[in-house]
Amino acid sequence: MDCVAQAARTSREGRTLFGGRVRGGRPVVTLTLIGLCVVSYVLQLAVPAWTPQWWFVPAWGALEPWRFLTAAFLHSPGQVFHILFNMIALWMIGPYLESTLGRARFATLYLVSALGGSVGAVLLAPVTGTWGTAMVGASGAVFGMFGAVLVVLRRTGRDAGPIIGILVLNGVLGFVLPGIAWQAHLGGLVTGALLGAAYAYAPREHRAVVGWAAPVALLVVLLGTTWAMYASYGLA
């Protein structure tokens, strides 16, 4: 028995295809994210001040940077389909990415993509005239998952046709329907695709380093470009 225990301690830890730690059981990260969004939505309905307390307004981000992330856990209180669509998408894609990338990498991908969605809203605010527009929704993070899963499916040689169809449909709706922050969709999509590519195409011997270096580098780029935009408008 001692020999077996020693072998278990010294055996190599199981890793996913892209270097994440193998964990069995339920998709804990996906379920946690869904749970946080649902709880927040209930609070939005029960406490009117909850939504404006955490929503994202591009012009406010320089002084209240936490809003870059908190808005991703809010949804439009008057449109149940807003949260319903995002949560369905999260449940459809999240478990696959979580099992393929590993929990830590997937959680990082989701949160950095959410941040990228808000950054996209800031960078495009001068063009769209939305400096003072309040934005809510997990769409930036969800589109980040779309971008990442496209890369992962391509890397593994699997069919990405259905995901491309969903992207095209939502891309069109973002320009046709009013009140949809397509800027956040675009920012999240690009961010998720870049981070997903870093995870998927990292050389085997460097996957551990890329696992933390890639999101850090991406965060530096996102923060740097956002600060430069704010500075150019005298908001930094």
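Let's start in helix H7, residues 139–156, with Phe143 and Phe146: they sit 3 residues apart, so about one helical turn separates them. Please keep in mind as we go that this is a predicted model.

What kind of aromatic pair do Phe143 and Phe146 form? Theirs is an edge-to-face pair, with 5.3 Å from centre to centre and 75° between the planes. The cut-off helps here: planes over 60 degrees apart count as edge-to-face. Both residues are also hidden away. Phe143 has a relative accessible area of 4%, so it is buried. Phe146, with 1% relative accessibility, counts as buried too.

That pair belongs to a wider set, so how many aromatic pairs does the structure hold? There are 6. Another one is made by Phe106 and Tyr110, whose ring centres are 6.5 Å apart and whose planes meet at 55°, so this pair is tilted. You will find Phe106 and Tyr110 together in helix H6, residues 103–128, where they are 4 residues apart, about one turn of the helix. Phe106 and Tyr110 are both buried. Elsewhere, Trp131, Tyr230 and Tyr233 are linked into a cluster by ring pairs.

Now let's step back and look at the whole chain. What are its elements, counting from the N terminus? They run α-α-α-α-α-α-α-α-α-α, which gives 10 helices and 0 strands. Along the principal axes, the C-alpha trace spans about 65 × 40 × 35 Å.

How does the radius of gyration fit with a compact globule? For 236 residues, a compact globule would have a value near 18 Å, and the protein has 19 Å, which agrees. Of those 236 residues, 43% count as buried. As for the surface, the protein exposes about 12,200 Å², with carbon and sulfur atoms supplying 70% of that area.

Two more overall numbers are worth having. Take the contacts between residues at least 6 apart in sequence: 78% of them join residues at least 24 apart. Then there are the charges, 14 positive and 6 negative, whose mean positions are 3 Å apart.

With that picture in mind, let's visit a few single residues, beginning with Leu195 in helix H9, residues 182–201. Is Leu195 buried or exposed? Leu195 has 1% relative accessibility, so it counts as buried. Leaving aside neighbours within four places in sequence, its contacts are Thr108, Leu109, Val112, Ala214, Pro215 and Leu218. One of those partners, Leu218, is 23 residues away in sequence, and its C-alpha lies 7.6 Å from that of Leu195.

Next, Ile34, which is in helix H2, residues 28–46. The relative accessible area of Ile34 is 18%, so this residue is buried; the cut-off for buried is under 20%. Which residues does Ile34 contact, once neighbours within four places in sequence are set aside? The answer is Met87, Leu90 and Trp91. For a sense of scale, Ile34 and Ile163 are 129 residues apart along the chain, and their C-alpha atoms are separated by 20 Å.

Let me finish with two glycines in loops. Where is Gly102? Look in the loop between helix H5, residues 80–101, and H6. Although it sits in a loop, Gly102 is buried, with a relative accessible area of 3%. Not counting residues up to four places away in sequence, Gly102 touches Thr16, Gly20, Arg21 and Leu97. Leu17 is another residue to find on the model: Gly102 and Leu17 are 85 residues apart in sequence, and 9.2 Å apart in space from C-alpha to C-alpha.

The other glycine is Gly24, placed in the loop between helix H1, residues 2–10, and H2. Is Gly24 buried or exposed? Gly24 has a relative accessible area of 60%, so it is exposed, the cut-off for exposed being over 50%. Gly24 and Leu36 are 12 residues apart along the chain, with 22 Å between their C-alpha atoms.

So there we have two loop glycines to compare on screen: Gly102 is buried at 3%, whereas Gly24 is exposed at 60%. Thanks for listening, everyone!

Notes: Residues are numbered from 1 along each chain as its sequence is written. This is a predicted model: local features need pLDDT of at least 70, side-chain atom pairs count only at pLDDT 80 or more; totals for chains, interfaces and linings use all residues. Side-chain values use heavy atoms; hydrogens and water are left out. The radius of gyration is taken over C-alpha atoms; the globule rule is 2.2 Å times the number of residues to the power 0.38. Buried means under 20% relative accessible area, exposed over 50%, partly exposed in between (1.4 Å probe, protein chains only). Contact means heavy atoms within 4.5 Å. Accessible areas come from the Shrake-Rupley method with a 1.4 Å probe; for residues, only the protein chains shown count as cover. Lys and Arg count as positive and Asp and Glu as negative; His and the chain ends are not counted. The place of a charge is taken as NZ of Lys, CZ of Arg, CG of Asp or CD of Glu. Rings of Phe, Tyr and Trp (its six-membered ring) pair if their centres lie within 6.5 Å; planes under 30 degrees apart count as stacked, over 60 as edge-to-face and the rest as tilted.
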